[in-house]
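User: Please look closely at the aromatic rings and the core around them. Which side chains are involved, and where do they sit?

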Amino acid sequence: MPTSPSGRVVIFDFDGTLADTWRDLAAALNRTLADAGLAPVEGPQVKAWIGDGALKLLANALPELERAPERLESHYERFRSHYDRCCLDTTDLYPGMARCLETLSGETLAVLSNKPARFLHRIIDGLGLKSVFGAVLGGDTLAIRKPDPA
């Protein structure tokens, strides 16, 4: 990762900080729930669950019996498939973030998110931000993930 003249690195979270992603996450989540014959969840609840990664988001929305590891994995695979198709439908930068990133263009910028790297890279590229960040780390990039202090 190239360093800025100041030596500073500015690290951004992604969902709910740089980009408004909740509608696409909710769409994928509700399609996954519908596949299982379960009731959809409302927007405010989905917003409250975002931030700890897609698997935790899904687990929060499922009834307890559906959270068993063998059941959760099949739901998670369907969620990823749905999200893959809709992750850029409504996702956009929050107002003012493009200007913020432009203002910080002389610094080394990075993204650290719990979003799986495959989606994070795809969305950043789809928003035209690929060249903005010196590093992009998803929730599955390293052996540990935020909020782990390491």
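**Cysteines, core and rings**

Analyst: Cys-100 counts as partly exposed, at 27% relative accessibility; buried means under 20% relative accessible area, exposed over 50% and partly exposed in between (1.4 Å probe, protein chains only). The model is predicted, so local features need pLDDT of at least 70 and side-chain atom pairs pLDDT 80 or more, while totals for chains, interfaces and linings use all residues. Numbering runs from 1 along each chain as its sequence is written, and side-chain values use heavy atoms, without hydrogens and water.

Cys-86, in contrast to Cys-100, counts as buried, at 1% relative accessibility. The closest cysteine sulfur to that of Cys-86 belongs to Cys-87, and at 6.9 Å the two are too far apart for a bond. The structure holds zero disulfides (sulfur pairs within 2.5 Å).

The core comes next. The largest nonpolar core (buried Ala, Val, Leu, Ile, Met, Phe, Trp, Tyr and Cys joined through side-chain atoms within 4.5 Å) has 37 residues, and those with the most contacts inside it are Leu-18, Leu-29, Phe-79, Tyr-83 and Phe-133. At least two residues of this core come from each of α1 (22-35), α2 (43-49), α3 (54-61), α4 (69-86), α5 (97-103), β4 (108-112) and α6 (117-126). Helix α1 gives the most to this core, with six residues. Helices (H or I, at least four residues) and strands (E, at least two) are DSSP runs numbered from the N terminus.

Now the rings. Three aromatic pairs are found in a search of the whole structure. One of these pairs joins Phe-12 and Phe-133, edge-to-face, at 6.5 Å centre to centre with 75° between the planes. Phe-12 lies in strand β1 (residues 9-12) and Phe-133 in the loop between α6 and β5 (135-137), so the pair links parts of the chain 121 residues apart. Phe-12 and Phe-133 are both buried. The rings of Phe-79 and Tyr-83 form a stacked pair because their planes are at 10°, with centres 5.9 Å apart; rings of Phe, Tyr and Trp (its six-membered ring) pair with centres within 6.5 Å, and planes under 30 degrees apart are stacked, over 60 edge-to-face, the rest tilted.

Phe-79 and Tyr-83 both belong to helix α4, where they are four residues apart, about one turn of the helix. Phe-79 has a relative accessible area of 0% and is therefore buried. Tyr-83 is also buried, with a relative accessible area of 1%. Together with Phe-119, Phe-79 and Tyr-83 make up one aromatic cluster. Beyond its neighbours within four places in sequence, Tyr-83 is in contact (heavy atoms within 4.5 Å) with Asp-24, Leu-25, Ala-28, Lys-115, Phe-119 and Ile-123.

The loop that holds Phe-133 also holds Gly-134, between α6 and β5. Gly-134 is partly exposed, with a relative accessible area of 36%. Its C-alpha lies 9.4 Å from that of Val-9, although Gly-134 and Val-9 are 125 residues apart in sequence. Farther along, in the segment after β5, is Pro-147, which a cis peptide bond joins to Lys-146, with omega of about 15°.

A polar residue can be set beside the aromatic ones. Asp-20 is part of strand β2 (residues 19-20) and is buried, with a relative accessible area of 19%. Leaving out residues up to four places away in sequence, Asp-20 touches Thr-90, Thr-91, Asp-92 and Tyr-94.
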